[in-house]
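Subject: Structure handover

Hello,

Here is the structure I promised to pass on. Please open it before reading further, and keep it in view as you go.

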Amino acid sequence: MAGIKALVGLSFSGAIGLTFLLLGCALEQYGDYWPLFVLIFYVMSPIPTFISRRLSDDSDAASNACRELAYFFTTGIVVSAFGLPIILARVQRIAWGACGLVMAGNVVIFLTILGFFLVFGGGDDFSWEQW
């Protein structure tokens, strides 16, 4: 039952993050949908971790090169998701208020993705690997 509560909580926080993103696009004073390109980064961010967990062995080594490379790529994707709205606001393609809403959405969405890996990332019976 704890897994279901975590799944509902993660779904709720993901909905809040997407609401921030859509408010940054659809409010009348902003009215520009360029910030929706961060959805690409939301989809791409867990992919390196999925691949590294599938390919690497579960040894108790202090460092695993495959996982470290996946963390590096994931960090680059997350930084890019935060950088895109700032660049769009800097070149005056979107308003700074929209940039702030997109940044708030980024924080919530990426914390939701992190929470997903923390809750379902273990090797127990209730993990994402079953999906």
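Below is what was found in it, from the overall fold down to single residues.

**The fold**

Please note that this is a predicted model. The protein has 5 helices and 0 strands. Read from the N terminus, the order of elements is α-α-α-α-α. The protein has 131 residues, and 33% of them count as buried. Take the contacts with a separation of 6 or more: residues 24 or more positions apart account for 63% of these.

**Helices α4 and α5**

Start with this pair. Helix α4 covers residues 65-90, and helix α5 covers residues 96-120. How far apart are their axes, and at what angle do they pack? The axes are 9 Å apart, and the angle is about 175 degrees. Angles over 145 degrees count as roughly antiparallel. The two helices, α4 and α5, are therefore roughly antiparallel to each other.

Which residues meet there? From α4 come V78, A81, F82, P85, I86, A89 and R90. From α5 come W96, C99, V102, M103, N106, V107 and F110. Sorted by class, this contact of α4 with α5 has 12 nonpolar residues, 1 polar and 1 charged.

**Aromatic rings**

A pair of aromatic rings is described by two values: the distance of the centres and the angle of the planes. The count here comes to 7 aromatic pairs. One of them is formed by Y42 and F110, and this pair is edge-to-face. The centres lie 5.5 Å apart, with 85 degrees between the planes. Y42 sits in helix α2 (residues 38-44) and F110 in helix α5, so the pair ties together parts that are 68 residues apart in sequence. Both Y42 and F110 are buried.

F72 and F73 form another aromatic pair, and this one is tilted. Its values are 6.0 Å centre to centre and 50 degrees between the planes. Are these two residues buried or exposed? F72 counts as exposed, because its relative accessibility is 59%. F73 counts as partly exposed, because its relative accessibility is 44%.

There is also an aromatic cluster. F50, F116, F117 and F120 form it.

**Two serines**

S45 lies in the loop between α2 and α3. Its relative accessibility is 3%, so S45 counts as buried. What does S45 touch, leaving aside residues up to four places away in sequence? The answer is T74, I77, F110 and I113. A polar atom of the S45 side chain lies 3.3 Å from the backbone oxygen of Y42. So two residues to look at beside S45 are the partners of the edge-to-face pair, Y42 and F110. S45 and G76 are 31 residues apart in sequence, and their C-alpha atoms are 8.9 Å apart in space.

S52 is in helix α3, which spans residues 47-55. S52 is buried too, with a relative accessible area of 2%. Which backbone oxygen does its side chain reach? The S52 side chain reaches that of T49, at 3.1 Å. Beyond residues up to four places away in sequence, S52 touches C66, R67 and A70.

**Where to look first**

I suggest beginning with the roughly antiparallel helices α4 and α5. Then go to F110, which meets α4 and pairs with Y42. S45 touches F110 as well.

Best wishes

Conventions
Residues are numbered from 1 along each chain as its sequence is written. This is a predicted model: local features need pLDDT of at least 70, side-chain atom pairs count only at pLDDT 80 or more; totals for chains, interfaces and linings use all residues. Side-chain values use heavy atoms; hydrogens and water are left out. Axes are lines fitted to C-alpha atoms, for helices over the stretch in contact, and angles run from 0 to 180 degrees between N-to-C directions. Helices (H or I, at least four residues) and strands (E, at least two) are DSSP runs, numbered from the N terminus. Angles under 35 degrees count as roughly parallel, over 145 as roughly antiparallel, 65 to 115 as roughly perpendicular and the rest as oblique. Contact means heavy atoms within 4.5 Å. Ala, Val, Leu, Ile, Met, Phe, Trp, Tyr, Cys and Pro count as nonpolar, Asp, Glu, Lys and Arg as charged, and the others, Gly among them, as polar. Rings of Phe, Tyr and Trp (its six-membered ring) pair if their centres lie within 6.5 Å; planes under 30 degrees apart count as stacked, over 60 as edge-to-face and the rest as tilted. Buried means under 20% relative accessible area, exposed over 50%, partly exposed in between (1.4 Å probe, protein chains only). A polar contact is a pair of N or O atoms within 3.5 Å; within protein, one must be able to donate a hydrogen and the other to accept it, and residues adjacent in sequence count only if both atoms are side-chain atoms.
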